[in-house]
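Visitor: I should like to take a close look at a single part of this model. Please treat its surroundings in one connected account.

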Amino acid sequence: MTRSFIAVHAGAGYHSKDREPEYKKACAEACSQAHRLLASGDSSLEAVCAAVISLENCTITNAGTGSSLNLDGEVECDASIMEGSSLVYGGVGCVTGVKNPVLVARSLLGVQQKGMFVSLGRIPLKFYFNSVLVGDGASKWAKDNGVEVVDRKLLKTDASLKTYDSHKRKLDQHEERMKRKRAKWQTGDSPKARGEQEGDTTHPCIIQGVQDTVGAIAMDTDGNISAAVSSGGISLKHSGRLGPAAMYGAGCWAHNWKSDKKTGVAITTSGSGEHLMRTLFAQKCAECVQTQESGSLGVSMAFRDHFLGNFYLAGIQQKLGGVLALRLDKDEESAMMLEVIWGHTTDSMCIGYWDGQRNKPKVLVSRLPENSEAGKSFKMEGKVFSVS
């Protein structure tokens with residue numbers, strides 16, 4: 001029998017040292033919830049779902065309750081989940097009034113695995129390439145399929161409302177300044193007309209320090225691998241903005257180990273949504289981990305060549321992303337080896353993992369070296385376990 005494994009992250013971004021114990025506690029609790037299921041013989045799919053639910057219910061993370069509010073002051077979430085045996089994927093985007101968005105994604109995945117046909121002979125859901133529901137349709141699916149739907153107000157916290165008021169005030173002040181500048185430009189009274197420098201007219205960074213997506217990766221005692229991800233998205237995002245946590249290939253990825261030397265892999269990402277989506281970073285990182293000699297080499301290649309050096313991110317000064325990865329393979333003596341790797345270009349990333357033999361989870365906050373600049377370099381660490 002193979003040892004089980006669970007790893008989680010509480011977002012790639014900035015985690016203040018003062019609140020570090022809170023983030024570690026959140027990751028430890030998520031690991032404990034998942035480990036309890038794995039120790040009872042439950043699947044990796046149920047384990048990652050339980051871990052993400054725990055993180056969604058923790059109000060200090062940007063997922064589920066306490067998520068960042070959009071421009072209209074509402075919680076609007078994305079989530080997805082993927083199972084490595086069937087390679088089936090379920091995702092939900094821009095969903096409101098759902099306490100645990102990952103459960104909607106899990107429900108979609110479950111229907112595909114059953115191969116259920118819809119009415120009047122329409123295409124069976126299992127043949128959909130990308131099973132994602134968004135907006136009101138996602139909320140309706142949740143209600144119709146037994147996923148808890150709550151009053152939207154219950155998903156807001158005092159902290160999220162306070163942050164929203166602060167960010168919205170800064171945005172309104174910025175837009176008012178720009179309005180006055182445009183009025184002067186129209187009358188010819190502008191810095192450029194006077195031969196002066198115009199100054200910085202870019203949007204101010206009002207969300208610096210807020211970490212984004214949470215996620216989990218797991219392997220059960222049968223060797224099956226799964227991954228899940230959930231996010232409240234960027235603060236003050238436009239209503240209807242779809243993030244990487246709901247996008248196939250951007251938020252999470254899972255692929256079982258195969259006897260034909262196909263390395264098992266699970267990925268969950270975090271960071272700047274548009275950066276992760278433009279690079280399809282979860283899928284690309286999985287490919288690198290599977291094709292390189294080790295997981296650490298794969299993650300390193302993914303960050304170096306397919307993120308920081310990616311053509312589609314050319315011109316972007318700070319490329320912000322984080323990855324939590326699992327690699328399952330056989331060594332030269334045919335022993336099963338599991339490698340867990342985490343890497344990030346953000347200031348920090350909070351990680352937790354439980355390898356099945358510990359009596360408690362290992363939790364840590366990974367931080368860039370002091371001389372490194374966020375968005376332009378990356379930090380990577382990992383650990384290897386024998387699992388059989």
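In what sense do β5 and strand β6 (residues 225–231) pair, and over how many bridges?

Guide: In this predicted model, β5 and β6 pair in the antiparallel sense, and six bridges join the two strands. Within this pairing, Gly 215 has Val 229 of β6 as its bridge partner. The two strands form a hairpin in which five residues lie between them. One of the turn residues, Gly 223, has a positive phi of about 85°.

β5 also pairs with strand β1 (residues 5–13): the two run antiparallel and are joined by five bridges. Here Ala 216 of β5 stands opposite Val 8.

As to solvent exposure, β5 itself spans residues 214–219 and is mostly covered, with six of its six residues buried. The burial concerns both faces of the strand. On one side, Val 214, Ala 216 and Ala 218 are buried; on the other side, Gly 215, Ile 217 and Met 219 are buried as well. Two residues already named thus recur: Ala 216, opposite Val 8, and Gly 215, the partner of Val 229, belong to opposite faces of β5.

To summarise the strand, β5 has antiparallel pairings with β1 and with β6, and its residues are buried on both faces.

Methods: Residues numbered from 1 in each chain as written. Predicted model: local features only at pLDDT ≥ 70, side-chain atom pairs only at ≥ 80, totals over all residues. Heavy atoms only, no water. Buried < 20%, exposed > 50% of the residue type's maximum accessible area, 1.4 Å probe, protein only. Helix = DSSP H or I, 4+ residues; strand = E, 2+ residues; numbered from the N terminus. Pairing = 2+ DSSP bridges.
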